[in-house]
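I opened this entry to record what I looked up, item by item. The notes follow the order in which I checked things.

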Amino acid sequence: MALSQLLVRSIHVLAMAVLLGGSAVVWLTVRTRAPSPVERGFLLQLATGYEWLFWASLGTLVMTGVGNLGALAPAIPTLSTQWGMVLYTKLAAVVGLLLFSAGRTVAVVRLRDADIAANVVPTLSRAYAGTTLYVLGLLALAEVLAHG
């Protein structure tokens, strides 16, 4: 494996660690905080900060993922193979993550801008639990692709 391929794969794994670890940290933090006005402000700041990290990490994952696929080309399997089916399932799941995450980001911005105190903790808890579990599913698909 060339040094450049190793670097791209290392960046890919690091971006996934930020994506999954960050969403889990936000989810666990939201679950353990009391819903006071000070805590709600802190949670919204934490969620807003994570949204920037999330989109930067997801962009990095997409770019390095395309690079990894390019390294496989033209031998990318079709849907008729098991590996190809898992690959295309993962790609569809990534599109699903993009759509789900766009909704989550809009929810965080609306909660922050509208100062809707009553919905902050349950909305953030559900959004980041969903993100964490969804990304875990994507990670499982990636593991199947890498190791069969």
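**Core**

I began with the largest nonpolar core, which has 26 residues; Leu19, Leu97, Leu124 and Tyr128 touch the most other members. I then asked which helices feed this core. Helix H1 (3–32), helix H2 (37–72), helix H3 (82–114) and helix H4 (120–147) each supply at least two of its residues. H4 gives the largest share, 8 residues. I noted that this is a predicted model.

I picked leucine 124 for a closer look. Setting aside neighbours within four places in sequence, I found leucine 124 in contact with Val30, Leu43, Leu44, Ala47, Val108 and Leu111. The general background I had in mind: in soluble globular proteins, nonpolar side chains tend to be buried together.

**Overall layout**

Next I stepped back to the whole chain. I counted 4 helices and 0 strands. Along the sequence the pattern reads α-α-α-α. The C-alpha trace spans about 55 × 30 × 25 Å along its principal axes.

I looked up burial for the protein: of its 148 residues, 33% are buried. I also looked up contact range. Among contacts with a separation of 6 or more, 76% join residues 24 or more positions apart.

**Helix H4**

How does the span of H4 compare with 1.5 Å a residue? H4 has 28 residues, so it should span 40 Å. Its end C-alpha atoms are 40 Å apart, which agrees.

Then I listed the buried residues of H4. They are Val120, Val121, Leu124, Ser125, Ala127, Tyr128, Ala129, Thr131, Thr132, Val135, Leu138 and Leu145. I asked what the buried residues of H4 pack against. They pack against H1, H2 and H3. Just after H4, I noted glycine 148 with a positive phi of about 80°.

**Salt bridges**

I searched the whole structure for salt bridges and got 3. My background note here: side chains of opposite charge can pair when their charged atoms come close.

I took arginine 104 and glutamate 51 as one entry. Their closest N and O atoms are 2.7 Å apart. Arginine 104 lies in helix H3 and glutamate 51 in helix H2, so this pair ties together parts 53 residues apart in sequence. I checked whether the two partners are buried or exposed. Arginine 104 is buried at 3% relative accessibility. Glutamate 51 is buried too, at 6%.

Another bridge joins the side chains of glutamate 39 and arginine 33, at 3.0 Å from N to O. Here arginine 33 is partly exposed, with a relative accessible area of 32%.

I also logged arginine 112 with aspartate 113, where the closest N and O atoms are 3.2 Å apart. Arginine 112 is partly exposed at 39%. Aspartate 113 is exposed at 56%.

**Aromatic rings**

I moved on to the rings and found 4 aromatic pairs. Tyrosine 50 and tyrosine 128 have ring centres 5.7 Å apart and planes at 75°, so I logged the pair as edge-to-face. This pair links distant parts of the chain: tyrosine 50 sits in helix H2, tyrosine 128 in helix H4, and they are 78 residues apart. Both tyrosine 50 and tyrosine 128 are buried.

Phenylalanine 54 and tryptophan 55 make an edge-to-face pair as well. Their centres are 5.2 Å apart and their planes meet at 85°. Phenylalanine 54 is buried at 0% relative accessibility. Tryptophan 55 is partly exposed, with a relative accessible area of 31%.

I asked which residues form one aromatic cluster. The members are Tyr50, Phe54, Trp55 and Tyr128.

**Where two searches meet**

My last lookup was charge over ring. The charged end of arginine 104 sits over the ring of phenylalanine 54, 4.2 Å from its centre. I had already logged arginine 104 in the salt bridge with glutamate 51, and phenylalanine 54 in the aromatic cluster. Tyr128 also came up in two places: it is among the core residues that touch the most other members, and it belongs to the cluster.

How values were computed:
Residues numbered from 1 in each chain as written. Predicted model: local features only at pLDDT ≥ 70, side-chain atom pairs only at ≥ 80, totals over all residues. Heavy atoms only, no water. Core = buried A, V, L, I, M, F, W, Y, C linked by side-chain atoms within 4.5 Å. Buried < 20%, exposed > 50% of the residue type's maximum accessible area, 1.4 Å probe, protein only. Contact = heavy atoms within 4.5 Å. Salt bridge = Lys/Arg side-chain N within 4 Å of Asp/Glu carboxyl O. Phe/Tyr/Trp six-rings, centres within 6.5 Å; stacked < 30°, edge-to-face > 60°. Lys NZ or Arg CZ within 6 Å of the ring centre and 35° of its normal. Expected span 1.5 Å × (residues − 1).
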